[in-house]
Amino acid sequence: MTKTIFEIGVWENHRRKFLKEYHRIKYDNLLTSSKLYPHLADVEQQARESVIYSPVYLFLFKS
């Protein structure tokens, strides 16, 4: 069995805490089905992409 190591980012951590506190059943289902960390990784990727392509980011960091 191969294990994948996921690094927890800021947005992943916020999402994990939110699910654990306000949507406990969904959190438990994702955790027991081994889908929690891939879900959190998707959340982190979407958050980073939304920041990178936001107009403010593009204005401040354009080359």
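Ala41, found in helix 3, counts as partly exposed at 23% relative accessibility. That puts Ala41 just on the partly exposed side of the line, because buried means under 20% relative accessible area. The model here is a predicted one, and Ala41 is a handy place to start looking around it. The C-alpha atoms of Ala41 and Asn13 are separated by 10.0 Å, although their positions lie 28 residues apart along the chain.

Glu44 sits in helix 3 too. Is Glu44 buried or exposed? At 7% relative accessibility, Glu44 counts as buried. Its surroundings come partly from elsewhere in the sequence: once the neighbours within four places are set aside, Glu44 is in contact with Gly9, Val10, Trp11 and Glu12. His14 can be placed relative to Glu44 as well, with 9.7 Å from C-alpha to C-alpha and 30 residues of separation in sequence.

Glu44 also has a charged partner. Side chains of opposite charge can pair when their charged atoms come close. In this case the partner is Arg48, which forms a salt bridge with Glu44, and the closest N and O atoms are 2.7 Å apart. Both residues belong to helix 3 (residues 36-52), where a spacing of four residues amounts to about one turn of the helix.

How many salt bridges does the structure hold? There are two. Besides the pair in helix 3, Arg24 forms a salt bridge with Asp28, and here the closest N and O atoms are 3.2 Å apart. Arg24 and Asp28 are separated by about one helical turn, because they are four residues apart in helix 2. Arg24 is partly exposed, with a relative accessible area of 42%, and Asp28 is partly exposed as well, at 30%. Glu44, by contrast, counts as buried.

Helix 2 brings up the question of how neighbouring helices are arranged. Two packed helices are described by the angle between their axes and the distance between the axes. For helix 1 and helix 2 (residues 24-32), the axes come within 5 Å and cross at roughly 120°. Why is this pair called oblique? An angle of 65 to 115 degrees would count as roughly perpendicular and one over 145 as roughly antiparallel, so a value between those ranges falls under oblique. Helix 1 and helix 2 are therefore oblique to each other. On the helix 1 side, the contact is made by Arg15, Arg16, Leu19, Lys20 and Tyr22, while helix 2 brings in Arg24, Lys26, Tyr27 and Leu30. Arg24 thus turns up in this contact as well as in the salt bridge with Asp28.

Leu30 deserves a second look. This residue of helix 2 counts as buried, at 14% relative accessibility. Setting aside its neighbours within four places in sequence, Leu30 is in contact with Leu19, Lys35, Leu36 and His39. As for Leu19, its C-alpha is 9.9 Å from that of Leu30, and the two residues are eleven apart in sequence.

Further along comes a residue with an unusual backbone angle. Most residues other than glycine have a negative phi, and most peptide bonds are trans. Ser34 has a positive phi of about 60° although it is not a glycine. Where does Ser34 lie? Its place is in the loop between helix 2 and helix 3. Ser34 is exposed, with a relative accessible area of 61%.

On the outside of the model, Ile8, Leu31 and Tyr37 make a nonpolar surface patch of about 250 Å². Ile8 belongs to the segment before helix 1 (10-22). With a relative accessible area of 37%, Ile8 is partly exposed, so it can take part in the patch, whose residues need over 30% relative accessible area.

Stepping back to the whole chain, the secondary structure comes to four helices and zero strands, which reads along the sequence as α-α-α-α. Of the 63 residues, 16% count as buried, with Leu30 and Glu44 among them. The chain exposes about 5600 Å², and carbon and sulfur atoms supply 59% of that area. Among contacts with a separation of 6 or more, 57% are accounted for by residues 24 or more positions apart.

Definitions and conventions. Residues are numbered from 1 along each chain as its sequence is written. This is a predicted model: local features need pLDDT of at least 70, side-chain atom pairs count only at pLDDT 80 or more; totals for chains, interfaces and linings use all residues. Side-chain values use heavy atoms; hydrogens and water are left out. Patches are made of residues with over 30% relative accessible area and no salt bridge: like charges are joined within 9 Å, nonpolar side chains (Val, Leu, Ile, Met, Phe, Trp, Tyr) within 5 Å. Accessible areas come from the Shrake-Rupley method with a 1.4 Å probe; for residues, only the protein chains shown count as cover. A salt bridge is a side-chain nitrogen of Lys or Arg within 4 Å of a carboxyl oxygen of Asp or Glu. Helices (H or I, at least four residues) and strands (E, at least two) are DSSP runs, numbered from the N terminus. Buried means under 20% relative accessible area, exposed over 50%, partly exposed in between (1.4 Å probe, protein chains only). Axes are lines fitted to C-alpha atoms, for helices over the stretch in contact, and angles run from 0 to 180 degrees between N-to-C directions. Angles under 35 degrees count as roughly parallel, over 145 as roughly antiparallel, 65 to 115 as roughly perpendicular and the rest as oblique. Contact means heavy atoms within 4.5 Å.
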